[in-house]
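Welcome! Here are some short exercises to help you find your way around a new protein. Take a look at the sequence and the structure, then work through each task.

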Amino acid sequence: MTQTQEPGRSRTFSWADPAANAAQVGRRSGIDMLRAMIAGELAAPPVMHLLDMTRMQADEGRVSVELTPQEFHYNPLGTVHGGVLSTLLDTAAGCAVHTTLPAGVGYTSLDLNVKFLRPVTVDSGTLRCEGTVLQRGRRTALAEARITDANDRLIAHATSTCLLLPQPQP
């Protein structure tokens, strides 16, 4: 895309090497890993910095994360891009599944089914996304996630199926 807009807005961010966290997947349980990230013992994944997600909380089978909508999240219509909201939903649902996994087990998303209910702008205030595990078996897990705005209105809802995968042991 050729940029013809007038300059004036910019954004920079940095992140740590994601390989350090990936190396922990086979060694720590999911809840231990997420709690270490929250405590700052492990770096947050780069996507958290890219989208400016904050205030993650994690308990067994449940994760919440927040995002304050910014202009850099906007699509050409002047609202937050659906991909940003989908990533927030995928993060909360996947991380909720992660909290239930023992050391040596990882996961990957098989699907994400999203329903957008209302548009989001910077005026929506801080968004809170909560992910909850609905069912976990030996090979798959089902989770849901819900985004609410600063007025506690439901913005979007998603369900996700995750495939559980054995990870190589160190």
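## Exercises with worked solutions

**Exercise 1.** Find out what covers the buried residues of α2.

*Solution.* Keep in mind as you go that this is a predicted model. Begin with the helix: α2 spans residues 30–39, and its buried residues are G30, I31, M33, L34, A36 and M37. Next, look at what lies over them: the cover includes α1 (19–22), β1 (53–59), β2 (62–67) and α4. Finally, step past the end of the helix to G40, which follows α2 and has a positive phi, near 85°.

**Exercise 2.** Describe the largest pocket by its volume and its lining.

*Solution.* Start with the volume, which is about 710 Å³. Then turn to the lining: it has 32 residues, and those closest to the pocket's centre are L34, M37, P45, V47 and C95. Two of these names are familiar from Exercise 1, since L34 and M37 are among the buried residues of α2.

Now ask which elements contribute. At least two lining residues come from each of α1, α2, α3 (46–51), β1, α4 and β3. The most come from α4, which supplies six. Last, sort the lining by chemical character: 18 residues are nonpolar, 11 are polar and three are charged.

**Exercise 3.** Decide whether T100 is buried or exposed, and work out what surrounds T100.

*Solution.* First, locate the residue: T100 sits in the loop that runs between α4 (82–98) and β3 (105–116). Second, check its relative accessibility, which is 14%; T100 therefore counts as buried, as the cut-off is under 20%. Third, follow the side chain of T100, which comes to 2.7 Å from the backbone oxygen of V97. Fourth, set aside the neighbours within four places in sequence; the contacts of T100 are then E60, G61, V133 and R136.

**Exercise 4.** Trace how β4, β5 and β6 are joined.

*Solution.* Take the strands in pairs. β4 (residues 127–136) and β5 (residues 140–148) run antiparallel, with eight bridges between them. As a landmark in this pair, R128 is opposite T148 of β5. The link from β4 to β5 is a hairpin through three residues.

Move on to the next pair: β5 and β6 (residues 154–166) are also antiparallel and are joined by nine bridges. Here A141 faces C162 of β6. This pair forms a hairpin too, with five residues between the strands, and D152 in the turn has a positive phi of about 65°.

Conventions. Residues numbered from 1 in each chain as written. Predicted model: local features only at pLDDT ≥ 70, side-chain atom pairs only at ≥ 80, totals over all residues. Heavy atoms only, no water. Helix = DSSP H or I, 4+ residues; strand = E, 2+ residues; numbered from the N terminus. Buried < 20%, exposed > 50% of the residue type's maximum accessible area, 1.4 Å probe, protein only. Polar contact = N/O pair within 3.5 Å; in protein donor to acceptor, adjacent residues only side chain to side chain. Contact = heavy atoms within 4.5 Å. 1 Å grid on protein atoms, 1.4 Å probe; cavity = no way out; pocket = protein on both sides within 12 Å on 5 of 7 lines; lining within 4 Å. Points joined across faces, edges and corners; volume = space filled by probe spheres on them. Nonpolar A, V, L, I, M, F, W, Y, C, P; charged D, E, K, R; others polar. Pairing = 2+ DSSP bridges.
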